[in-house]
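These are my notes from a first pass through one structure. I took one place at a time and wrote down what I looked up.

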Amino acid sequence: MTAEMGEKTPLDMLARLKARDGSPFLTEEAFTAGERLAEDFNRALMQPRISASLQPRLETRGRFAAPSAMSDTAIDARRRVARALKALGPELADIALDFCCFMKGLEQIERERQWPVRSAKLMVRTALQALARHYTPPPPKGGMRGWGAEGYRPEISALFSDE
């Protein structure tokens with residue numbers, strides 16, 4: 001997801017990196033999953049306000065807008081974000097939020113968490129791969145499954161016999 005005014009997001013910059021063997025550092029699925037989380041986060045109106053609001057706060061006293069004041073689209077997006085973060089677990093959810101939604105760079109994440117240099121890159125990739133599995137789970141192994149055993153369907157010729 002490219003930010004407004006032509007700025008590159010941390011996700012865009014990470015997607016341009018190459019692994020040692022020359023392959024992309026992030027898979028297309030991981031990149032798309034990060035974009036999808038950021039879009040849902042913004043659509044859910046979960047971004048904290050940076051500037052003062054001149055509108056009176058009569059209905060909302062909390063950090064986020066009250067559900068009664070939100071649109072169905074925002075409520076659905078909030079549910080999708082909650083499901084995605086739950087699927088990631090507490091260890092990876094805040095990393096994905098910081099990187100994809102709050103647009104924190106790798107260096108800032110490392111500094112805030114007091115991690116070694118270049119460790120955030122691997123943790124972010126792990127979080128994005130887990131997020132990609134949440135959004136597009138792998139197909140079941142063993143091919144197509146059916147409810148019945150072999151030969152459970154009647155033959156069509158039995159329906160039209162004269163007997």
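**Entry 1: arginine 125 and threonine 126**

I began at arginine 125, which lies in helix α5. Helices here are DSSP runs of H or I with at least four residues, strands are runs of E with at least two, and both are numbered from the N terminus. The model is a predicted one, where local features need pLDDT of at least 70, side-chain atom pairs count only at pLDDT 80 or more, and totals for chains, interfaces and linings use all residues. Residues are numbered from 1 along each chain as its sequence is written, and side-chain values use heavy atoms, with hydrogens and water left out.

I looked up the exposure of arginine 125 and found it partly exposed, at 24% relative accessibility. The scale calls a residue buried under 20% relative accessible area, exposed over 50% and partly exposed in between, with a 1.4 Å probe and protein chains only.

Which residues does arginine 125 contact, leaving aside neighbours within four places in sequence? They are Phe25 and Leu26, where contact means heavy atoms within 4.5 Å. Phenylalanine 25 and arginine 125 are 100 residues apart in sequence, and their C-alpha atoms are 8.1 Å apart.

Threonine 126 is also in helix α5, and at 37% relative accessibility I noted it as partly exposed. Its C-alpha is 9.1 Å from that of alanine 30, although 96 residues separate the two along the chain.

**Entry 2: the whole chain**

I stepped back to count elements: the chain has six helices and zero strands. Of its 163 residues, 31% are buried. I then took the contacts between residues at least 6 apart in sequence, and 62% of them join residues at least 24 apart.

**Entry 3: helices α5 and α2**

α5 has 17 residues, and its first and last C-alpha atoms are 25 Å apart, close to the 24 Å expected at 1.5 Å a residue. The expected span is 1.5 Å times one less than the number of residues. Its buried residues include Ala120, Val124, Ala127, Leu128 and Leu131. I looked for what covers the buried residues of α5, and the cover includes α1, α2, α3 and α4.

α2 has 16 residues that should span 22 Å, and its end C-alpha atoms are 22 Å apart, which agrees. Among its buried residues are Ala30, Phe31, Leu37, Ala38 and Phe41. The cover over the buried residues of α2 includes α1, α3 and α5.

Aspartate 40 is in helix α2, which runs over residues 28-43. Is aspartate 40 buried or exposed? I found it buried, with a relative accessible area of 4%. Beyond the residues up to four places away in sequence, aspartate 40 touches Ala77, Arg80, Val81 and Tyr135.

**Entry 4: helix α3**

α3 covers residues 72-101, 30 in number, but its end C-alpha atoms are only 21 Å apart, short of the 44 Å that a straight helix would reach. I looked for a bend and found one of about 125° at glycine 89, with proline 90 following within four residues. The bend is the angle between axes fitted to the seven residues ending at a residue and the seven starting there.

**Entry 5: positive phi**

Most residues other than glycine have a negative phi, so I listed exceptions. Leucine 45 follows α2 and has a positive phi near 60°. Methionine 103, just after α3, has a positive phi of about 55°. Glutamine 114 also has a positive phi, of about 55°, and sits in the loop between α4 and α5. At 73% relative accessibility, glutamine 114 is exposed. Arginine 118 has a positive phi of about 70°, lies in the loop between α4 and α5 and is exposed at 61%.

**Entry 6: a pocket**

Last, I looked up the second largest pocket, which has a volume of about 240 Å³. A pocket is an open set of points on a 1 Å grid over the protein atoms alone where a 1.4 Å probe fits, with protein on both sides within 12 Å along at least five of seven lines; lining residues have an atom within 4 Å of a point. The volume is the space filled by probe spheres set on the points, which are joined across faces, edges and corners. The lining includes Met13, Leu17, Phe99, Glu110 and Arg118. The elements that give two or more residues to this lining are α1 and α4.
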